[in-house]
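Subject: Handing over the structure

Dear colleague,

I am passing on to you the structure we talked about, together with its sequence. Please have a look at it first, and then read my notes beneath it.

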Amino acid sequence: MIGRIISALVGREMGRRDGSGGASGAVKGVVAMGLMRRMGPLGMILGGGYAAKKAYDRNRARKSGY
């Protein structure tokens, strides 16, 4: 369950970065999740950290007015 949530967050962030969003982000999230599962717990930590950092950066940029 947690893996699916992390997969969705990573896919959304990858879609936002490319500007494509939608189905493209979902596909990238599924592929990234497959790679993260093969890496074991370290992959989940890295994927969750990636999504958390992107959310933090976006929040900080919004507060500073960019």
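What follows is a summary of what was found, from the whole chain down to single residues.

Please keep in mind from the start that this is a predicted model. The mean pLDDT of the protein is 78, and 89% of its residues reach 70 or more. Confidence is not even along the chain, since the mean is lowest in H1, at 73, and highest in helix H3, which covers residues 41–64, at 86.

As for the overall fold, the secondary structure comes to three helices and zero strands, and when the elements are read from the N terminus on, their order is α-α-α. The protein has 66 residues, of which 24% count as buried. Its exposed surface is about 4800 Å², with carbon and sulfur atoms supplying 65% of that area. If you consider the contacts between residues at least 6 apart in sequence, 55% of them join residues at least 24 apart.

Turning to the interior, the largest nonpolar core is a set of six residues, namely Ile6, Val10, Met14, Ala32, Met33 and Met36. Helix H1, which spans 2–18, and H2 each supply at least two residues of this core.

One member of that core, Met33, is worth following further in the viewer. Leaving aside its neighbours within four places in sequence, methionine 33 is in contact with Gly3, Ser7 and Met44.

Gly3 can then be looked at from its own side. Glycine 3 has its place in helix H1 and, when residues up to four places away in sequence are not counted, touches Met33 and Met44. Is glycine 3 buried or exposed? Its relative accessibility is 12%, and because buried means under 20%, glycine 3 counts as buried. You may also wish to find glycine 48, which is 45 residues away from glycine 3 along the chain, while the C-alpha atoms of the two are separated by 9.2 Å.

Finally, there is a feature on the outside to look for. Which residues make the nonpolar surface patch of about 280 Å²? The patch is made by Val27, Val31 and Leu35, and valine 31 lies in helix H2, which runs over residues 22–39. Helix H2 is thus a place to look at twice, as it also supplies at least two residues of the largest nonpolar core.

With best wishes

Technical notes
Residues are numbered from 1 along each chain as its sequence is written. This is a predicted model: local features need pLDDT of at least 70, side-chain atom pairs count only at pLDDT 80 or more; totals for chains, interfaces and linings use all residues. Side-chain values use heavy atoms; hydrogens and water are left out. Patches are made of residues with over 30% relative accessible area and no salt bridge: like charges are joined within 9 Å, nonpolar side chains (Val, Leu, Ile, Met, Phe, Trp, Tyr) within 5 Å. Accessible areas come from the Shrake-Rupley method with a 1.4 Å probe; for residues, only the protein chains shown count as cover. A salt bridge is a side-chain nitrogen of Lys or Arg within 4 Å of a carboxyl oxygen of Asp or Glu. Helices (H or I, at least four residues) and strands (E, at least two) are DSSP runs, numbered from the N terminus. A nonpolar core is a set of buried Ala, Val, Leu, Ile, Met, Phe, Trp, Tyr and Cys residues joined through side-chain atoms within 4.5 Å. Buried means under 20% relative accessible area, exposed over 50%, partly exposed in between (1.4 Å probe, protein chains only). Contact means heavy atoms within 4.5 Å. pLDDT is the predictor's confidence in each residue, from 0 to 100.
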